[in-house]
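Q: Please take a close look at one part of this model, the largest pocket, and describe what lines it. I would also like to see how that part connects to the rest of the fold.

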Amino acid sequence: MTDIVNMKGMNKYFGPLHVLKEIDLTVAKGEVVVVIGASGSGKSTLIRCVNGLEEFESGELTVDGHPLAPRSGNPQSLAEIRKEVGMVFQQFNLFPHLTVKQNIMLAPKKVKDASQSEASEIAERLLNRVGIGNQADKYPTHLSGGQQQRVAIARALAMDPRLMLFDEPTSALDPEMIGEVLDVMRELAKEGMTMMVVTHEMGFAREVADRVIYIHEGRIVEEGKPADVFDNPQNERTQAFLSRVLAH
């Protein structure tokens, strides 16, 4: 099976703070990897390194065959990676002055050189795919948080990515809106999309992940199939974390 992401001995610092420590991790094509851990453990930094939003200081990182070098990265590889990797953030980051459809059309027009009509067709198809085809002409501020996040997912999909990154995509949502976003992510997983997901939604991780990664203070201390990690964690730090989060 082809690896879309390959990290070897990767280290990341913020000044003197050692945020990621000797990370070895692969993500295979079609695999859903869910990253869990306490706030500040390095989860978001890990996936932000994958599409070059954060530079790393040492080690190796290859994304879909494109190597990124420590510190300076690789401009040519980075440009290719950003064409092939979609990312969904905690905040929706939609342009408020553009309609929902116009927000989504930006990516295929700018990144894929699609024509106006092609971009329009892509946007309409993806809005239907995430279940909000009837919201195309509204502005983001007229939508609920869950709907806005589904627009953000559609926008990322408009690049026809080979890998989707999700950085706590439901953390800014009201509880009743979380399910509609997770449903879209479930469908993407069923369709075979390669995904790296940082989340606190343990039920989703158990149900959808092929593999769960637990990070503690910048290190991967446990990984395995969801049933193994959740039901029989081997590391005492994993045990302590899960006893806290699963008790609520």
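A: Helices (H or I, at least four residues) and strands (E, at least two) are DSSP runs, numbered from the N terminus. The model is predicted, so local features need pLDDT of at least 70 and side-chain atom pairs count only at pLDDT 80 or more, while totals for chains, interfaces and linings use all residues. Residues are numbered from 1 along each chain as its sequence is written, and side-chain values use heavy atoms, with hydrogens and water left out.

A pocket is found on a 1 Å grid over the protein atoms alone: it is an open set of points where a 1.4 Å probe fits, with protein on both sides within 12 Å along at least five of seven lines, and its lining residues have an atom within 4 Å of a point. Grid points are joined across faces, edges and corners, and the volume is the space filled by probe spheres set on them.

The largest pocket has a volume of about 440 Å³. Its lining consists of 16 residues, and those nearest the centre are Met-87, Phe-89, Ala-107, Arg-155 and Met-159. Helix H3 (100-111) supplies at least two of the lining residues, as do strand E6 (85-88) and helix H5 (145-157). H3 gives the most, with five residues. By class, ten lining residues are nonpolar (Ala, Val, Leu, Ile, Met, Phe, Trp, Tyr, Cys and Pro), three are charged (Asp, Glu, Lys and Arg) and three are polar (the others, Gly among them).

Strand E6 leads from the pocket to a sheet. Six strands form this open sheet in the order E6-E7-E8-E3-E9-E10, with mixed pairing; two strands pair if DSSP finds at least two bridges between them. E6 and strand E10 (219-224) are the edges, each with a single partner strand, so one side of each has no neighbour in the sheet. On average, neighbouring strands are turned by 15 degrees against each other, direction ignored.

Further into the sheet, strand E3 (residues 32-36) runs parallel to strand E9 (residues 211-216), joined by four bridges. The bridge partner of Val-34 is Val-212 in E9. Helix H6 (residues 175-190) packs on the sheet and touches E3, strand E7 (163-167) and strand E8 (195-198), where contact means heavy atoms within 4.5 Å. The direction of H6 makes about 150 degrees with that of E8. Such angles run from 0 to 180 degrees between N-to-C directions, with axes fitted to C-alpha atoms, for helices over the stretch in contact.
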